[in-house]
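Trainee: I would like to learn how to read a model of this kind, feature by feature. Could we look at it together?

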Amino acid sequence: MIKCIYIINLHGEVLIEKYNHEKILRRELEPVCSEIKNCINPPQIIESLGNVFILTRNTDIYIVGVCDTSNTSIASVIIKNISGILHNILKDGFNESSVKADYPLIYQILDMYLNNGVPFIEESSTILSTLDNNSQVKLISNANCPWRAEEDYKGQGEFYLDVVETLEVRINSKGKADLLVLHGMLNIVTKLSGYPFVSVSISSPHMLEDYSLHRCVDPSQFQSKKFRFIPPNGGFTLMTYLAKPQITNLPIFISPKFTWSKINVIFEVVVRLDDVLPKPKKINVYFELPEGVSPPSMACEGGTITYDLTQRIVKWDIDPESKDSMILNGSAAIAPEFNYHACDIIITTNFMAKGYSASGINIEKAEIDGFPKVLKSIQYITKSGVYSFYGNI
């Protein structure tokens, strides 16, 4: 990725050179040094002798990364990140004076950031926590929680938690589940000053089959379902998990029936909603008719139907309103040579419902120490992933 790194002052003098897995001769670097010396604003990307040089300026100094032509965009991001890391860690910032004063530390930082030319440790606080105590290093107070940068938020303080669950469902033509999996996430967005402690308590009526926690959470806390942590800035995922929902508790169940003869097919698709759970605002149901089936005649109770002649796809857009059951009826002629025994018709649906979690997981408490009047919101979202039903043949 990054063959080598140079730090060059405005006079075109090389102050530091760090090779990763390939050495570049100084004569190959001379065109770049000339550009820096002679131009007020040299180009950010310079190609010379088969190499690509990425230039990033910070005050009175340039950091230059060398890569091949296939990794230019990624290399540009890496070089900018390195410049930011050096600026954050060096006590007097990243400039010519600080480079000359503490170049051994810079080599140490570059060694930790890059492993064989590829980013390895990318957080200032993580790098800082591994460095020896040095007067030339900024004192960063979050060395024990490197996932968070210190933030001085002037507002009231905000905390948003979304329980987002995705159902992966495949029901065969006999009404049995071939696939029944739930993927869940606890997504949090915070706007809080300093290093606040957040307490979140959850309850779940069923055992989770698997889970993964953000590193800000002590894994031992999972048994009590009470998490206390210092959150990262902005948005992050506190926990991901897997659960197995019950087929009897699905928010939407589809019963497709296809009756075939030698000349036509008559079909009925019934969509049933759970009468207890919150209804999705909109449901999309679609299925593809096999080649050899003519464009169908259709009617439905609730929603609108469209048919794509090119892709042979029936699409049914449903607005559930107060109905718990909707029906689509249709028929179509078939070609004489059509063999309906050799095809499967799969009914697929897309939906999103707010106000409940399919797994039954519940947020019992969410509090932030020192922020008694924080703006807080908790919402539950259940949506479809692969959610399909096989029609009978």
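Trainee: Which residues touch the most other members of the largest nonpolar core?

Mentor: Bear in mind throughout that this is a predicted model. A nonpolar core is a set of buried nonpolar residues joined through side-chain atoms within 4.5 Å, and here the largest one has 70 residues, of which Phe229 and Met239 touch the most other members. Strand 8 (residues 158–171) gives the largest share of this core, six residues, and at least three residues come from each of domain 2 (159–248 + 356–390) and domain 3 (252–354).

Trainee: Which residues does Met239 touch, if sequence neighbours up to four places away are left out?

Mentor: With those neighbours set aside, Met239 touches Gly184, Met185, Leu186, Ile202, Leu208, Tyr211, Ser212, Leu213, Phe222, Phe227 and Ile361. Apart from this core lies another, of 28 residues, which includes Ile5, Ile7, Phe94 and Leu105.

Trainee: How is the protein chain divided into domains?

Mentor: The division gives domain 1 (2–122), domain 2 (159–248 + 356–390) and domain 3 (252–354), so that domain 2 is written as two segments. Between the C-alpha centres of domain 1 and domain 2 there is a distance of 42 Å.

Trainee: Let us turn to the strands. Which residues of strand 12 are on its covered face, and which on its uncovered one?

Mentor: The general idea is that in a regular strand the side chains alternate between the two faces of the sheet. In strand 12 (residues 226–229), Phe227 and Phe229 make up the covered face, whereas Lys226 and Arg228 make up the uncovered one. Phe227 is among the residues that Met239 touches, and Phe229 is one of the two core residues that touch the most other members.

Trainee: Which way does strand 10 run relative to strand 12, parallel or antiparallel?

Mentor: Strand 10 (residues 198–203) and strand 12 run antiparallel and are joined by four bridges. Reading the pairing residue by residue, you will find Ser201 opposite Lys226 and Ser199 opposite Arg228. Strand 10 also pairs with strand 22 (residues 362–368), again in the antiparallel sense, over six bridges, and there Ile202 has Ile363 as its bridge partner.

Trainee: How many of the six residues of strand 10 are buried?

Mentor: Five of the six are buried, and strand 10 is therefore mostly covered, given that buried means under 20% relative accessible area.

Trainee: How should I check the length of a helix, and what span should helix 1 have?

Mentor: The check compares the distance between the end C-alpha atoms with the span expected at 1.5 Å a residue; for the 13 residues of helix 1 (residues 26–38) that span is 18 Å, and the ends are 18 Å apart, which agrees. Helix 1 nevertheless bends by about 25° at Val32. Helix 2 (residues 72–89), with 18 residues, reaches 26 Å from its first C-alpha to its last, close to the 26 Å expected.

Trainee: Which residues of helix 1 are buried, and what do they pack against?

Mentor: The buried residues are Glu28, Leu29, Val32, Cys33 and Ile36, and they pack against strand 1 (4–9), strand 2 (14–19), strand 3 (45–48), strand 4 (51–58) and strand 5 (61–67). Leu29 has a relative accessible area of 0% and is therefore buried; leaving out residues up to four places away in sequence, Leu29 touches Tyr6, Ile8, Val14 and Phe53. Arg27, which also lies in helix 1, is exposed, with a relative accessible area of 54%. Arg27 and Leu49 are 22 residues apart in sequence, and their C-alpha atoms are 9.9 Å apart in space.

Trainee: One last feature. Where is Asn116 found, and what is its phi near?

Mentor: Most residues other than glycine have a negative phi, and a positive value is therefore worth noticing. Asn116, in the loop between strand 6 (114–115) and strand 7 (118–119), has a phi near 55° and is exposed at 51% relative accessible area. Lys225, in the loop between strand 11 (210–213) and strand 12, has a positive phi of about 60°, and at 23% relative accessibility Lys225 counts as partly exposed.

Technical notes:
Residues numbered from 1 in each chain as written. Predicted model: local features only at pLDDT ≥ 70, side-chain atom pairs only at ≥ 80, totals over all residues. Heavy atoms only, no water. Buried < 20%, exposed > 50% of the residue type's maximum accessible area, 1.4 Å probe, protein only. Helix = DSSP H or I, 4+ residues; strand = E, 2+ residues; numbered from the N terminus. Pairing = 2+ DSSP bridges. Domains from an automatic or database assignment. Contact = heavy atoms within 4.5 Å. Expected span 1.5 Å × (residues − 1). Bend = angle between axes of the 7 residues up to and from the residue.
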